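Morning, everyone. I have one model to walk through today, so please bring up the viewer.

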Amino acid sequence: MNFTETAWKVFNQSIEDYHVSDDVNTLINNPFEKDSLERILYAKNWIDTVQWHLEDIIRDENIDPAEALQLKRTIDASNQKRTDLVEFIDSWFLTKFENITPEPDAKINTETPAWAVDRLSILALKVYHMSLEANRESASEEHRANCQAKLDVLLTQKEDLSTSIDQLLTDIECGNVKMKVYKQMKMYNDDSLNPILYQKGQQK
């Protein structure tokens with residue numbers, strides 16, 4: 001089983017486990033061994049799955065504004081956790097490939113392995129939920145047909161993205177692509193970088 005096959009299997013296990021209770025407040029119960037790649041991938045997708053449903057909830061037109069504000073802050077915090085974990089996965093790959101000497105003409109990819117994995121995790125959620133819609137008995141036949149067409153496209157994207165990720169990892173391992181990582185350096189959650197936050201602090 002190659003990397004993306006493993007990742008896809010773990011992502012879908014996380015999604016299935018979440019939907020046992022289908023509750024954004026459910027605590028993660030990671031079934032994989034400590035320090036294993038599978039454990040990291042499961043944690044990554046669990047964050048994505050919870051956030052997926054938080055994004056659904058906040059779009060309720062009748063939501064209480066105070067609840068919506070609290071949800072927005074929860075989503076912001078989740079985004080930060082997601083970014084931190086993606087960077088942790090890239091660190092895992094950096095360690096894995098630390099003894100690889102890139103070829104003199106090695107290329108630099110526009111996307112790190114972990115950010116590509118992030119896209120694969122989100123894609124697993126899209127496939128899961130589009131499949132539900134394509135088979136929802138309470139929906140119209142037209143709705144199910146439209147969703148099936150979209151699901152077919154998503155499954156093609158899954159095959160293409162999986163191939164691209166596996167090729168990227170092979171290229172890095174062979175020295176044809178440099179493993180290079182940049183931190184996201186998000187500013188809006190940082191009290192010292194977000195002017196709204198640091199100006200408020202100066203006014204006290």
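I'll cover the overall layout, then two helix pairs, then the pocket and the cavity, and finish with two single residues.

First point: this is a predicted model. Keep that in mind throughout.

Layout. The protein has six helices and two strands. Reading from the N terminus, the order is α-α-α-β-α-α-β-α. There are 204 residues in the protein, and buried ones make up 37% of them.

Now the helix pairs. Start with α2 and α3. Their axes come within 10 Å and cross at roughly 160°. Anything over 145 degrees counts as roughly antiparallel. So α2 and α3 are roughly antiparallel to each other. What is the hand of the α2 and α3 crossing? It is left-handed. Look at who makes that contact: 16 nonpolar residues, four polar and six charged.

Second pair: α4 and α5. Helix α4 spans residues 113-134, and helix α5 spans residues 141-173. They pack at about 160°, with their axes 9 Å apart. That angle makes α4 roughly antiparallel to α5. The crossing of α4 and α5 is left-handed. By class, the contact of α4 with α5 has 17 nonpolar residues, five polar and six charged.

On to the empty space. Pocket first. The largest pocket holds about 270 Å³ of space. Which elements give two or more residues to the lining of the largest pocket? They are α2, residues 37-58, and α3, residues 65-96. We met that pair a minute ago. Now the lining itself. Going along the chain, please highlight V24, N25, T26 and L27. Then add W46, I47, V50 and L54. Finish with T74, A77, S78 and K81. For anyone thinking about chemistry, the lining of the largest pocket divides into seven nonpolar residues, four polar and one charged.

Next, cavities. How many cavities of 30 Å³ or more are there? The count comes to one. The largest cavity has a volume of about 50 Å³. Its lining includes I108, N109, E111, T112 and P113. L168 and I172 are also in the lining of that cavity, and so are K178, M179 and K180. By class, the largest cavity is lined by five nonpolar, two polar and three charged residues.

Two single residues to close. Take L151 first. L151 sits in helix α5. Is L151 buried or exposed? The relative accessibility of L151 is 8%. The cut-off for buried is under 20%, so L151 counts as buried. Now click on L132 as well. L151 and L132 are 19 residues apart along the chain, and their C-alpha atoms are separated by 9.9 Å.

Then K9. K9 belongs to helix α1, residues 3-21. Where does K9 fall on accessibility, buried or exposed? Its relative accessible area is 55%. Exposed means over 50%, so K9 is exposed. The partner to pick here is E38. K9 and E38 lie 29 residues apart along the chain, with 9.5 Å between their C-alpha atoms.

Quick recap. The protein is a predicted model with six helices and two strands. The pairs α2 with α3 and α4 with α5 are each roughly antiparallel. The largest pocket has about 270 Å³ of space, and the largest cavity about 50 Å³.

That's my part. Over to you for questions.

Technical notes: Residues numbered from 1 in each chain as written. Predicted model: local features only at pLDDT ≥ 70, side-chain atom pairs only at ≥ 80, totals over all residues. Heavy atoms only, no water. 1 Å grid on protein atoms, 1.4 Å probe; cavity = no way out; pocket = protein on both sides within 12 Å on 5 of 7 lines; lining within 4 Å. Points joined across faces, edges and corners; volume = space filled by probe spheres on them. Helix = DSSP H or I, 4+ residues; strand = E, 2+ residues; numbered from the N terminus. Nonpolar A, V, L, I, M, F, W, Y, C, P; charged D, E, K, R; others polar. Axes fitted to C-alpha atoms, helices over the stretch in contact; angles between N-to-C directions. Parallel < 35°, antiparallel > 145°, perpendicular 65-115°, else oblique. Left-handed = near helix turned anticlockwise from the far one by under 90°. Buried < 20%, exposed > 50% of the residue type's maximum accessible area, 1.4 Å probe, protein only.
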